[in-house]
Amino acid sequence: MLRFLIAASAIVTLAAAAQAVADDRFPPISSEVVRSECGDCHIAYQPQMLPQRSWRKLMDALPKHFDEELSFDEETKQHLLRYLLDNAADKSEVDAARKFLRELSSGDTPIRITDTPRWKDKHHELPKSVWSDPRVANKGDCAVCHTQAVRGLYDDDDGLRVPGPNESWRRWEDD
Ligand code: HEC
Ligand code: HEC
């Protein structure tokens, strides 16, 4: 509990500092169920990056979740869906969510964050060598570069690094 309080006050302090500039943070996932059920194979992605229609589509296709077959009991499934819908890009008040939504056309229903215009826009400058680096499992392996992704922090001040030559890591600004 004490650890939690310390972490919480650190977040509040950070929040105040970030607010002064631009608020690009995503709220960390508050549901333990979402964190554990959706954070096993990849990080539990912040729902603010996709609109409700995308989360519905993804949750309607659990038996064919990319390469995996997912199944949950009905109660768990409803909890997951509720959390994703309540915090989706078109429901959330946070600036970072609005940016993801703004660039998405209303007829588009991506089920990958990495297929959204905003994600592509932010990552198109990364060289191909980064994506073929064995340390990066795939584009959805956010936390390998955004080391604070689980806390909702994706900015280049927030522990952002990219794979460099000979197993080194570089800060992105080094380019
Ligand atoms: C058993 C493992 C597993 C679990 C549990 C799991 N996923 Fe996935 N997820 C995957 C795989 C595999 C991919 C595709 C990775 C790739 O090839 O790009 C993926 C991809 C995704 C993507 C697209 C990432 C991108 O490229 O932008 C989203 C969104 C996603 N999962 C959401 C969820 C949600 C929500 C849950 C919980 C309901 C969940 N996942 C649980 C295995 C899992
Ligand atoms: C291979 C490393 C790498 C991976 C993997 C990666 N990113 Fe990034 N990301 C970057 C870099 C580098 C930037 C900064 C690009 C720039 O501003 O020039 C960035 C920028 C961003 C930004 C914009 C931050 C801001 O405030 O401007 C967001 C949001 C973001 N990434 C989310 C994600 C998400 C979500 C994932 C996983 C689905 C992901 N990234 C996967 C390297 C990565």
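I take two residues to be in contact if their C-beta atoms, placed from the backbone, lie within 7 Å. I also note at the start that this is a predicted model.

**Entry: A89 and the core**

I began with A89. Setting aside neighbours within four places in sequence, I found A89 in contact with Q48, M49, L50 and P51. On the same list stand A97, F100 and L101.

I then looked up the largest nonpolar core. It has 17 residues. Which residues have the most contacts inside it? They are A89 and F100. I checked which helices feed this core: α4 (74–86) and α5 (95–102) each supply at least two residues. The largest share, 4 residues, comes from α5. I keep the general rule beside this: in soluble globular proteins, nonpolar side chains tend to be buried together.

**Entry: α5**

I turned to α5 itself. Its buried residues are A96, A97, F100 and L101. Why do I put them on the same side of α5? They cover an arc of only 135° around the axis, so they share a side. I also looked for the partner of these buried residues, and they pack against α6.

**Entry: I43**

I located I43 in the loop between α2 (32–37) and α3 (52–59). Is I43 buried or partly exposed? I count it as partly exposed because it has 18 C-beta neighbours inside 10 Å, and buried would need 20 or more.

I listed the contacts of I43, again without neighbours within four places in sequence. They are C142, A143, A149 and V150. For A149 I looked up the spacing too. The C-alpha atoms of I43 and A149 are separated by 8.0 Å. Along the chain the two residues are 106 residues apart.

**Entry: ligand 2**

I counted 23 residues around ligand 2. The closest are D24, C142, C145, Y154 and W172. Which elements give two or more residues to this shell? I found α6 (117–123) and α8 (142–145). The largest share, 3 residues, comes from α8. By class, I sorted the shell into 12 nonpolar, 4 polar and 7 charged residues.

C142 turns up twice in my notes: it is one of the closest residues to ligand 2, and it is in contact with I43. α6 recurs as well. It gives residues to the shell around ligand 2, and the buried residues of α5 pack against it.

**Entry: ligand 1**

I finished with ligand 1. How many residues lie around it? I have 19, of which C38, C41, F66, R112 and G140 come nearest. This shell has 8 nonpolar, 5 polar and 6 charged residues.

Notes: Residues numbered from 1 in each chain as written. Chains lettered and ligands numbered in written order. Predicted model: local features only at pLDDT ≥ 70, side-chain atom pairs only at ≥ 80, totals over all residues. Near = placed C-beta within 6 Å. Nonpolar A, V, L, I, M, F, W, Y, C, P; charged D, E, K, R; others polar. Core = buried A, V, L, I, M, F, W, Y, C linked by C-beta atoms within 7 Å. Buried ≥ 20, exposed ≤ 12 C-beta atoms within 10 Å, placed from the backbone. Arc of directions from axis to C-beta.
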